[in-house]
Each structure stands twice: as C-alpha cells, then as structure tokens.
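Subject: Model handover

Hello,

Here is the model we talked about. Please load it first, then read my notes below.

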Amino acid sequence: MLRFLSKRVVQIVILLFIYVTIVFWLMEALPGSFLDKYLMNPKITPEIRENLKRQFGFDKPVLTRYLYYMKNFLVLDLGVSFSYFPKKVTSIIFERLPRTVFLFVTSTLVSYAFGYTLGKRSAWRRGKVIDQVTTFTGIVFWTIFLPLLAIFNIWLFGVILGILPLNQFIDPNLWRNVSFSAQDLFLKLLLNAFIFLIVFLTIMIISRRLKTINAKRILLYVSLIGTIIISISIWILSGRAIYAWDIIKHMVLPVFTLTLYSFAGSMLVMRDTMLDVIREDYITTAKAKGLPDKVVRDKHAARNALLPLMTNFVISLGFTISGGIITETMFSWPGLGRAYLEALSQQDTPLLIGLLVFTGVFVLIAHLVADILYAFLDPRIRY
Amino acid sequence: MVEAIIKEPLWKIRLKLWARSFKTGWELFREKKLALFGLSVIIFFAIFGLVYPLYPSIMRAVFWKDDPFGYQTFAPYDPIIGFDPHIMNHPSPPSLRHPLGTDPLGRDILSMIMYSTPREFILGITAALITVVIGTIIGASCAYYGGVIDTFFMRLADIVMLFPSLALLMVLSAFIDLTLFRLALIIGMLSGFGSITLVLKAQALTIKVRPFIEAAKSTGASDAYIIFRHIIPNILPLSFLYMMLNVTGAIFTEATLSFLGLANIRMSWGVIIQMAESSGYLMGASIGTYWWLWLPAGACITLLCSAFYFLGRGLEEIVNPRLRKR
Amino acid sequence: MLLSVRDLRMHYKTKMGYVKAVDGINFDLDSGESLGIVGESGCGKTSISMTILRLLPDNAEFKSGSVFFDMGNGPVDLVKLDESQMREYRWRGISMIFQAAMNSLNPVYRVGDQIIEAIQNHFPQVPVDKAREKVAELFELVGLDPSRMDQYPHQYSGGMKQRAVIAMALACDPRVIIADEPTTALDVIVQDRILKEIRKIQKKLNMAMIYISHDIAVIAEVSDKIAVMYAGKFAELADSVTIFKKPMHPYTYGLMHAFPSTVGEKTDLVTIPGEPPNLLNPPKGCRFAPRCPKADELCMNEEPRYIEVEKGHFVACHHPVKSGEVVQFYEQ
C-alpha cells in the first residue's frame, strides 16, 4: 500500500509539474496583458511605468519569470492578482473556495445519493415502467442545456412561485446595517453543516453495532432531529438566524439546479453497472439463500456496483470549475467559476493561472483519494 | 457449392456480411424505444434544417404579397441582418407573421433557429468524427505496440483530462478566433486525446490477444496492415457509439461558449440565448414575459443533445453485449 | 416422500418462440437418497433446479406442474407459495451448490460472513458468535481451516472455494441439496476428493441430494438413482446399478456404451450420431426418434409415455431395449 501510494504521489507530482508548465506558457502566449492597458495610458509617466513593470515582474525575461513562478509554486504561493492588486491569488481562491465547494459538494452528494438509489432501482426493475421513466427523464436532464435549466428554475421558483430569490449570494437590503461579514456567517454555516455530517457518520457507525432494526432507526432519527434542533436554536439565540436563513435561501436554487442536472450521470452509471452485476452467480446464490429481494439488491448487487460509481464521482470533480462557470454566472454566485470568467475578461493572468493550477491540484488529490478508497471498497485490490 | 463461394468476389461477400450484421443490429435496435425516439428527433431536425430555404419564400408568399418593397429592403426573415418594419416593438411575441416571435433586433427567431440547425449538425459531427478518428487510431496503436508509444499517449491523455475543457476553451478563445470549424477541430482534439483513448485502448487490448492477430502476424502482415485491417474494424462499433455520445458533448460545448459570447460564430442556438441575455431580457421578472427569446433555442439544444445521447445508448446496448437483455 | 416433482413444465420465452427446457418432469426423492440427473449440455438439467427453487430469469415462464416438498409438516406445493413464503423454503428446505462455485461467493464480503448471513436470515434468533461456531464446524466438516472464515473469496484457491460453497449449502441443515455440476471447474484429483466428501457428509447428515452433471462418471460415483435427461424430458430413471446393467432407453444404452470401462468385459464404444434437437421446435413424436436406430413410424408421430416398467425403473420409449440386445448406431 505504502509503496503504491508513494509511486502514485511521484506520478502526480510529475503530472502536476507538466500541467503547471503548460498552463503558464499558455497564459504567456495570450495576446496583450493586463499591464498593456496601463502602459498605453499616456498619463502614466515612464517612471511609474517602469515601477509597475518591475512590481509585476514584467521587466524580467519570460524564462526567469517561469522559474520564479515554479519556485513560488513549490511553497504554494501563486503570486499576486492584477485586478485585485495587491491581494494574493491564494487568498482570493480561499475566500471564494468555500462558496463553490459548498455549492458543489452539496449538489454532488445529493445527486449521487439520488442517482445511486434510482439507478439501482431501475436496474432491478429493468424494462418496467419505472426503469423507462427514470432513464428517459435522467437522460433529458443529463443533456439539458444548463443555462436553460437555470433560467427555467429562476423563472419557475423565483418569478412564478416567488418563493426563492432569483440570484446573488445575499440580499443586500437585509445586510445593509450589519456589523459582521457574510463570509464569516457563511463559514459558520459550513462549520454547522460539517458538524452535522460528522454526527451523521458517527451515528451510522454506532448503529451498525446495534442489534435490532428498530433500535437503529430510533437512534438515527432521534440524534439527527436532535442535532437539527440544537443547531437551529443556537442560530436563533445568536440573533443571526435571519441572516443565515437569507444565505440558505439564496443557495437553494443553484444547488437544486446543479443536482437536477447531474443526478442522471451517476444514475446511468449505477444502472449499467448494476445490470452487469445482477448477472453474476453470487446474486443467484444470494437469492437462493432465501434473502429478501431488498437485501439481495442493496447488500449484494449495489455494493458491488459502487466501484465504477466512485470513478465517475472522481471524474465529475474535474467538472467543478467548468460547471461552476455556467451555474455561477447564471445565479451571480461569487465563486471560483465567476472569478475565472472575470479574470479572463480582465486578463488577470496570475489569477487565471492560479485558478487552473488549483483545479489541477484538486483533481489530482481527488484521484489519490479515490485510489485509497478503492482499496477499502474492494478487498481484491491490494496495492 | 464450395467453388461457387470462391467465385463470388470478396467485396460481394463482405457486403453480404455487412448487410446481415446491419439487419440483426437493426432488429435489436428497433426494440429500443428510447433510441428510436432519438433517431426520429435527429431526422426531424435534419429535415427541419434542410427546409430552411423554403421558409422565407413561404412567408413572403403569405404575408408580404402587398409589400414586396419592404420585403426586399429589410429581408425580414434573414437570420442575421433581418428586420420587420411592420412591427413597432421588438422583441415581439409569437404571431402568425413570426411563429416564434422576433428578437430585440427584430430578427425572426424561427428563421434563426432553422438557419442554425445544419451548423449544429456540422459542428457536432465534425468534432465527434475527429475525436473518434484520433481516439481509434491512437487506442489501437497503443494497444498493439505498447511500450513507449503507449506510455506517451496515456500520459498525454492524463494531462488532457486534467484540463477543465470549458475553462481551457475559454482561454483559447482569447487568442484563437473560434469559428465553427476551428471550434469543432479543437473540441474534437481535446476529447480525442483524452478519455476516449483509454476506453478504445482497453477494447483494442481484448482484440489484440485474439488468435486471428497472431495468425495475421504469422503470415507476415505488416503492423499497419494488422492495425487497420484487423484491430480497428473490431473496435469500430464502439468508436461509432462514442461518436454519438461525443456529438452531444460538442453541441453542448459550442452552445455554452456561444452563450458566454466567447466563440466567433455569427448565428447558433447558443448565440440566440446569448442575445437575450446580453440585452437584459433574462433579468429578474421579465424572464417569463420574453420566453420566446430563450425557450425555443434552449429546447432545441436540449432536444438534439439528448437525441444523440439516446441514440448512443441504444447503440451501446447492441454493441456492448453485457448490457443486452438476457 | 420428501420431494416429489409432478409434470413440471417451464419454458423460456425468446423472440423465435418458446424454448421447452423443462417439459414434463416427474420424480420422487426420499431423505438420505441421492438422485443423479445426467444429460447433454443444454438439455434443461439446470433449468429443473432453478424451477424447483423458483429462481427463474425474467424470460422464463412457468407452465404447469407441482413440486411437493415435506419439511416435516406435510407436503406443500412450492409452486403455489407466494414469494415470501417461498423464501422460507430456500436454503433451509432446499439449498444449492451452484454450477460455477468460483463465482458463487460475493467478492466483497468475507466468506464466513456470507455463510452467517444465510444462517441469520433463517434463524434470526441465533447470535453472531453461535453462528460463527456453526461456520467453524461446517468448515471442519468440508475440510477447510476454520481460521480462514475471515478471509475474502479471492484469497481462496478454486478447490477451497468449492468447499466453502458446500459448507454454505449445509449452513441451514437443509433437507435437500441440489448440486449443479459441483466439480466441473476443478481438476480431476480435487474433483474426486470433493465428491467423496459430499457423499460422506450426505450419509452422515441423512440428507437427500440431487446431482446434476453431464459427466456420467461423476453421477455414477455419487448417486443411488440416476435419471437420464434428453431434450427437456427424462428418458429413463432407475437405480444406478440397473441403469448401467440394463439400460432400456436406446439413448441411455448409447450413453452407457459411449465411454470405456476399465472393469468387466470388453465392448465396442458407441457414438450416437446426430445432434440433440432444438428445444424451440422439438420433434413431434419421441424427441430421440431422429437419432434412434430403433425408431419407426410410431416413434416419429406419437410421444412415448413415461411409465414404470419395473419397480423404480421408469422409461419413456415405445421400443425399449431388451436385456442382452445389441443396438447398432449408424452414422447418418
């Protein structure tokens, strides 16, 4: 295992190095630069011009700058943004990261849970009405033009039903006279969600040890409802519940749209793998053992179909920034995707490079995690 | 009997075999309702795009009999420079004159959609064709030669897959003028060197160990001959299937780029929606009021994308026996 | 009677029509008895077991017949039970050793856990440690090291998997075990050892067994009674001595003379010309008639009835082979 992991890490480092190099030279090849706008400006004296040039490092040859960039990259310094000067690229990324990550983690988790359940059911009832209907709807949502879905959802929920805000991260009117920042509150919300997740996982592990199904259920419901009530009352007591609610309200529509858009991907993968697994002899054996249908489906078939779903999950993480660009534009959501679009239009090269490099690192780490998870999920895989 | 078979030219036998496998394939295909649905949608759009030239003349004969001058000057059904002077406010809602209404510049939406249809086909199919040709050749060669070639292309695929394709295309749009063909070429190459190589290589590897490859080698066939005559024909069904799925991806990518206003394409379904967005008709409460600006074009993108996807999945169940019903 | 199957018919629906895989099967089985079913591949052997256990694929259509099974409280017709009642009988009443034992174990669970799962499914009150003890016992019974029960299937060799599958089949003390080609995938030496083991366990626990195989040598070794199956029907059923010494159906005769024997007098080896019929569209009369040297007009047109000619000796033939008669098969 360790040997495999170290080999994999070396591979990843090499890949990353090549990737960063390509990204850097690609951006270098972009015609014009952020500075040109200023350098063209006749009001700027040659002195300031030189100063600016030196500050941004444009006085040195490209090669030097490349080496410099790589050196900084090694200590996780991605440079300084042009358009947000003198903010560091890393700090911009980390400011926006929670928003994007939250958007995507929530929608991905929900859509995978959804896709897993639907996929296994429709494979189990292959050719029946439920299978036909879910496959059809799934493919339509999978291939729908994402902006169309976003517009449609805004129209339906925001305009016709009027129950959800149309776009933006917060409602500016509400936040006018507030002393704390939305970012702070959002991070607290995230922390709350994280605690919730941990409680959920702990309970799952504990309930495995319990004997009867009823005890499991009671423990699960009591503790989950308990956590929800406790966190809600803490929010109310702190007096910030209304602001937290505002953020949550703004989150619903993008999360819903993304979930709708991506659940079919996992569903179709799950369905196809399940169809494959169902033919295996151990499924017949499980049925012959007199196990109830549900146990055969969930414990024996679905468990074996999990692996390809995992692969799909990891690949879909790479989609985060691409999908983010569209969704965040549609909902004016200040996340990484929007930052990318803005950086592109402003020719903010360091930010562009930083965002691309960050995505690369993110995807590669996800691949590594997937490799480790594989070994847990499939006892046959021992590195 | 035996002589009769030999006397028949080889191509005739091949043709017969092709016809037979096509027939069994069609028999299987016919049972897939969803795939049939996809095929009919594709055929519908093909016809829809082909009859475009008739549309302005029909409209002229019906609505512009009294005003040939206006028709000549304003070309009301031209998808790019058209304008209808008889309507006061543009965008105007659907009416008999303009079945899907007009856009903010006074152009006829139906005409824009029809005009774009063949272009979507060209883009999707060109991109997918490039993808599949690259993927098939590289996949087959990697599987056949192994070694350095294999390692090189596999690492290349790793790197290409590392790039978020939409983000990369957005950067490229800054220094390449993304016309329809260039866009198709780039989309095709990006997915051609990427994941599709892995899939096709895996398939080619299963072919490589079959006895007939060994047999061909022992008769002294050249590497190229074996790759092109023995390996590639056997992975072609899978390639074809991936082609269908890639059409979906290519059309989607083009629409997104056009929607973001980053492609240099004068008219496409994505451009229609972009037009609505950039002139502010997708803001707030007016979304529903001006539905004809985004709904028909968006629906067309979705329909055509899912049609190719349905078709691809239908073919998958034929090509991939493990998905067939018992 | 522990298990009696009456006029069992099950057909597979295909695009070309119905495949008559099981077409009127009758037999009885008592506890402690073992029945061998032998036949060419594709004659419907496996389908019989699947029909009895009602583990049929979607395209299978149960046509008629009944399966009376006695768990100690009077015979119950398994065919008439609903799905949840049927589940009670699976594994506890009738368990199975599958054709491909290699793949009968779920790769992601420990072998011991898969057996415990079966036990706890039928006896929910049994605690895990008791179940583990039982599994350890079973492992010893089939000649496996009990400490291996916490290993995964891929850590087992082929023979060990086979033994584990047998242990699993014994887990709920079933009345009947159906062994469908239990040893085909193994090499001859392991095959022999495992067959002896199964036989020993069967005698010890006084269970009834049904062996299904295309290999008459395997069947002969382990069965008290042997049924010869041809194209979805039983051609002949008798105790194993009679069927070797006095085969009455020409097909059985051909089969018995088709392999060399190391003991007894020298005889010519027989090959049966032709191929088994397509079950989509079987011959109108006797299904063996097209290949049978004794066939006449009657055989071609009328199906022979499956009758008991002597006690415990059933045969379906218009012109049974008399004792001492030599049947000549000709190449067509």
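**Contacts between chains B and A**

Four residue pairs, both members at pLDDT 80 or more, are in polar contact between chain B and chain A. A polar contact is a pair of N or O atoms within 3.5 Å; within protein, one must be able to donate a hydrogen and the other to accept it, and residues adjacent in sequence count only if both atoms are side-chain atoms.

Some ground rules. This is a predicted model: local features need pLDDT of at least 70, side-chain atom pairs count only at pLDDT 80 or more, and totals for chains, interfaces and linings use all residues. Residues are numbered from 1 along each chain as its sequence is written, chains are lettered from A and ligands numbered from 1 in the order in which they are written, and side-chain values use heavy atoms, with hydrogens and water left out.

Which elements of chain B give two or more residues to the side that touches chain A? They are helices H3 (33-50), H7 (147-162), H8 (165-175), H12 (223-259), H14 (286-289) and H15 (295-319). Helices (H or I, at least four residues) and strands (E, at least two) are DSSP runs, numbered from the N terminus. H15(B) gives the largest share, 11 residues. By class, this side of chain B has 32 nonpolar, eight polar and eight charged residues. Here Ala, Val, Leu, Ile, Met, Phe, Trp, Tyr, Cys and Pro count as nonpolar, Asp, Glu, Lys and Arg as charged, and the others, Gly among them, as polar.

In total, 48 residues of chain B are in contact with 51 residues of chain A. Contact means heavy atoms within 4.5 Å. The two chains bury about 4,500 Å² between them, 77% of it on carbon and sulfur atoms. Buried area is the accessible area (1.4 Å probe) that two parts lose on being put together, summed over both.

B:Thr256 lies in helix H12 of chain B. Its relative accessible area is 0%, so B:Thr256 counts as buried. Buried means under 20% relative accessible area, exposed over 50%, partly exposed in between (1.4 Å probe, protein chains only). Leaving out residues up to four places away in sequence, B:Thr256 touches A:Phe145, A:Ile326 and B:Leu166.

**Salt bridges**

Over all chains, the search finds 30 salt bridges. The rule asks for a side-chain nitrogen of Lys or Arg within 4 Å of a carboxyl oxygen of Asp or Glu. How many cross the interface of chain B and chain A? The rule finds one.

- A:Asp272 and B:Arg313 meet at 3.3 Å, N to O. The pair runs from helix H10 (residues 241-278) of chain A to helix H15 of chain B. Both residues are buried.
- C:Glu117 and A:Lys299 meet at 3.1 Å, N to O. C:Glu117 is in helix H3 (residues 111-122) of chain C and A:Lys299 in helix H12 (residues 293-304) of chain A, so this pair joins two chains. C:Glu117 is buried at 9%, while A:Lys299 is partly exposed at 34%.
- C:Glu303 and C:Lys233 meet at 2.7 Å, N to O. They are 70 residues apart: C:Glu303 is in the loop between helix H10 (297-301) and strand E11 (307-310), and C:Lys233 is in strand E10 (residues 233-239). C:Glu303 is partly exposed at 37%, and C:Lys233 is buried at 18%.

Shared partners also join A:Asp131, A:Arg271, A:Asp272 and B:Arg313 into one network of salt bridges.

**C:Arg90**

Is C:Arg90 buried or exposed? It is buried, with a relative accessible area of 2%. C:Arg90 is found in the loop between helix H2 (83-89) and strand E6 (94-97) of chain C. Not counting residues up to four places away in sequence, C:Arg90 touches residues of chain A, including A:Lys287 and A:Gly290, and residues of chain C, including C:Glu83 and C:His122. Its side chain reaches the backbone oxygen of C:Leu53 at 3.1 Å.

**Helix H7 of chain A**

H7(A) covers residues 146-160, 15 in number. From first C-alpha to last it reaches 20 Å, close to the 21 Å expected. The expected span is 1.5 Å times one less than the number of residues. Its buried residues include A:Leu146, A:Asn153 and A:Phe157. Just after H7(A), A:Gly162 takes a positive phi of about 65°.

Best wishes
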